2 protein chains.
Amino acid sequence: VKKPDPVIEPGATIGILGAGQLGRMLALAGARLGLKSHIYAPDAGEPAFDVAAGGTVAAYEDEAALVRFAEAVDVITYEFENIPAATAAFLAERRPVHPGPLALEKTQDRLIEKRFLNDLDVATAGFAAIDSAEAIAPALTSFSGAGILKTRRFGYDGKGQAMIRDAAKGEAAFASFGKVPAILERIVPFAREISAIGARGRDGSFRAYDICENSHANHILSRTEAPAAIKPATAQRAGEIAKCIADALDYVGVIAVEMFVVVGTKGEELIVNEIAPRVHNSGHWTIDGTATSQFEQHMRAISGWPLGSTERRGRIVMDNLIGDEALRWREILQEEGACLHLYGKSEIRDGRKMGHVTRVYMKETG
Amino acid sequence: VKKPDPVIEPGATIGILGAGQLGRMLALAGARLGLKSHIYAPDAGEPAFDVAAGGTVAAYEDEAALVRFAEAVDVITYEFENIPAATAAFLAERRPVHPGPLALEKTQDRLIEKRFLNDLDVATAGFAAIDSAEAIAPALTSFSGAGILKTRRFGYDGKGQAMIRDAAKGEAAFASFGKVPAILERIVPFAREISAIGARGRDGSFRAYDICENSHANHILSRTEAPAAIKPATAQRAGEIAKCIADALDYVGVIAVEMFVVVGTKGEELIVNEIAPRVHNSGHWTIDGTATSQFEQHMRAISGWPLGSTERRGRIVMDNLIGDEALRWREILQEEGACLHLYGKSEIRDGRKMGHVTRVYMKETG
């Protein structure tokens, strides 16, 4: 029998695995609510440590450190889905971990994720498991000669992905990924990329933000706009898909579901690309664009607290500041109404997410 | 010759004297902008330490600790005006201190403050210096028999104040304050209490928030509403007074000027009650009510950065959560659109500011 989660009150400590910008913004949102944060990550130089009451610098496999961490916190969450399953299971024996192990199991592996979605009658791109180089040629043929080869695990921002148009090139890519298990995905001729972001509370309540639309550059999210330029019925369906997924995972916390919008003969259709069992870059606009940011909403959900308003303050554009773009900080500060966020990373690197800027276009208020 | 202030860039460390909720919210706002905070305060249990990258627990007179603090930071500010003048002077020899020594000198002492204001042609309540018990009776007579006795220094939230209607009671109050230098103030028959909050940059630029209106209970701020229910010309004049004061102090940072609105034969007149050379409780509504909170604005100003938009998002009501009122946190979280802030104080005490809640009434957006 599962023990009921403890009641979390202001003053409690939230344990966060991972110390990047998502952990940092979670800790900042928790602080607003009177919650302390304790960050656990292998590298002391990461930015979330600077805003947290407590910190542990240790490997995710360090059981002694994990025990001390669990004892120092009241509930545990994470900023990225690639924490080792064994780490999550070890911690879950000691403190509630939200989102739970099922969410990690279904989202850490692209093959498992797609099968899980299809079992829910949620459409995905066509896919084939690629466990050996020999599997590539027949899969490619079945997808009319083109597809995207993706490692099943540990991919992000386009890493571990390659567009494939012939079997030899596919085999080379498979080798370059280290021959780890992969999938070949059919290419989806999408019109738009959108995110459905919502939160599910411990009590099963669910609240979604307005569906937003994403643009990528070099496989990294570049811009998110809310609302997405899609039909109201499509937006409603996108929110329903996110809720369906969250319910199936008995999920607690913020979930982000990336989808493609395909315009076919039946109008706008939705294809789920991937699930992020965490706060997500495409939800950063909620900090300045709603009364309850995705970070606060996540802290509320994992604490067993009521979920907050997701009402949008206007039309919103969020731009990531990648690499050198962060050097534009002073220019952005000069721009009337632009909301600058910098993540406190000590070094600018190409492709590194350094910050973001949100512009909210409100209607006249009086 | 005064050295020019150094250029502050993201990644710099802001030194903050004081570790209460104002220091905490300053640190949180700085973190958004990629600034680190280092808190200096005598008591380790205070809430700002929980959200700062660095901290020093030491007395304000500990010169060795002050030297180490100054060396660890790039610019220094404070969350309350009662830091010892010697501490500020000692630090100012080592790092820029904003707001500067002149602001502290003119605002730490009620007599000096009122004379400073009158020299600027800014109206204050009538006042008389009370250096001895014998001075009370004649001053009281000149004020038609009633006044408020206030210690010249270290008063806040009604502490060191007494309403006086006869000389004997005044002499008793003077004795109860320890016979420290005091002033007697004429009672102002005000219609409203308002705050003018603005920021002055290093370059002399000034931006004011919309004038807000305050209600007190037991001498502690209870509610702030923005905008204040005053005539546009009165609001404009209030902003001009704040700018005039800031200019006269060669001020850098956020300044709050509390004023009384007296409705006389000439319409609405403004009487300045006191100046706070810092972020102020009556400006907490700016966190949820504007794109640039007073805390971010202060961090921008002291860093020599451009000041941000002060545009109001709607009609706004901010209620302090004093003492046991903080126990209402769950009920507030259930209220659609209410923005809860808790300060992470470990113990509820009567009259202690534990948090606040802001309600923003937006017009319809689309």
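The following dialogue explains how several descriptions of this predicted model are reached.

Guide: In this predicted model, local features need pLDDT of at least 70 and side-chain atom pairs count only at pLDDT 80 or more, while totals for chains, interfaces and linings use all residues. Residues are numbered from 1 along each chain as its sequence is written, chains are lettered from A and ligands numbered from 1 in the order in which they are written, and side-chain values use heavy atoms, with hydrogens and water left out.

Visitor: What makes chain A as compact as a globular protein of its length?

Guide: Chain A has 11 helices and 17 strands; helices (H or I, at least four residues) and strands (E, at least two) are DSSP runs, numbered from the N terminus. The radius of gyration is taken over C-alpha atoms, and the globule rule is 2.2 Å times the number of residues to the power 0.38. For 366 residues the rule gives 21 Å, and chain A has 20 Å, which is close, so the chain is as compact as a globular protein of that length. Its C-alpha trace spans about 60 × 55 × 40 Å along the principal axes.

Visitor: Why are α1(A) and α1(B) called roughly antiparallel?

Guide: Helix α1 of chain A and helix α1 of chain B, each residues 21–32, pack at an angle of about 155 degrees, with axes 11 Å apart. Axes are lines fitted to C-alpha atoms, for helices over the stretch in contact, and angles run from 0 to 180 degrees between N-to-C directions. Angles under 35 degrees count as roughly parallel, over 145 as roughly antiparallel, 65 to 115 as roughly perpendicular and the rest as oblique. The two helices are therefore roughly antiparallel to each other. Arg24(A), Leu28(A) and Ala31(A) meet Arg24(B), Leu28(B) and Ala31(B) in this contact, where contact means heavy atoms within 4.5 Å.

Visitor: Why are α2(B) and α3(B) described as oblique?

Guide: Helix α2 (residues 63–72) and helix α3 (residues 85–92) of chain B pack at about 45 degrees, with their axes 10 Å apart. That angle falls in none of the three named ranges, and the helices are therefore oblique to each other. From α2(B) the contact includes Glu63(B), Leu66(B), Val67(B), Phe69(B) and Ala70(B), and from α3(B) it includes Thr87(B), Phe90(B) and Leu91(B).

Visitor: How do you know that Lys179(A) is exposed?

Guide: Buried means under 20% relative accessible area, exposed over 50%, and partly exposed in between, with a 1.4 Å probe and protein chains only. Lys179(A) has a relative accessible area of 58% and is therefore exposed. This residue is found in the loop between α7 (167–176) and β8 (182–185) of chain A, and its phi is positive, near 55 degrees, although it is not a glycine.

Visitor: What makes Asp250(A) exposed?

Guide: The relative accessible area of Asp250(A) is 53%, so this residue counts as exposed. Asp250(A) lies in the loop between α8 and β13 (253–264) of chain A and has a positive phi of about 45 degrees without being a glycine.

Visitor: What makes helix α10 of chain B mostly covered?

Guide: In α10(B), residues 294–302, 9 of its 9 residues are buried. Among them are Phe295(B), His298(B), Met299(B) and Ile302(B). After α10(B) comes Gly304(B), whose phi is positive, near 75 degrees.
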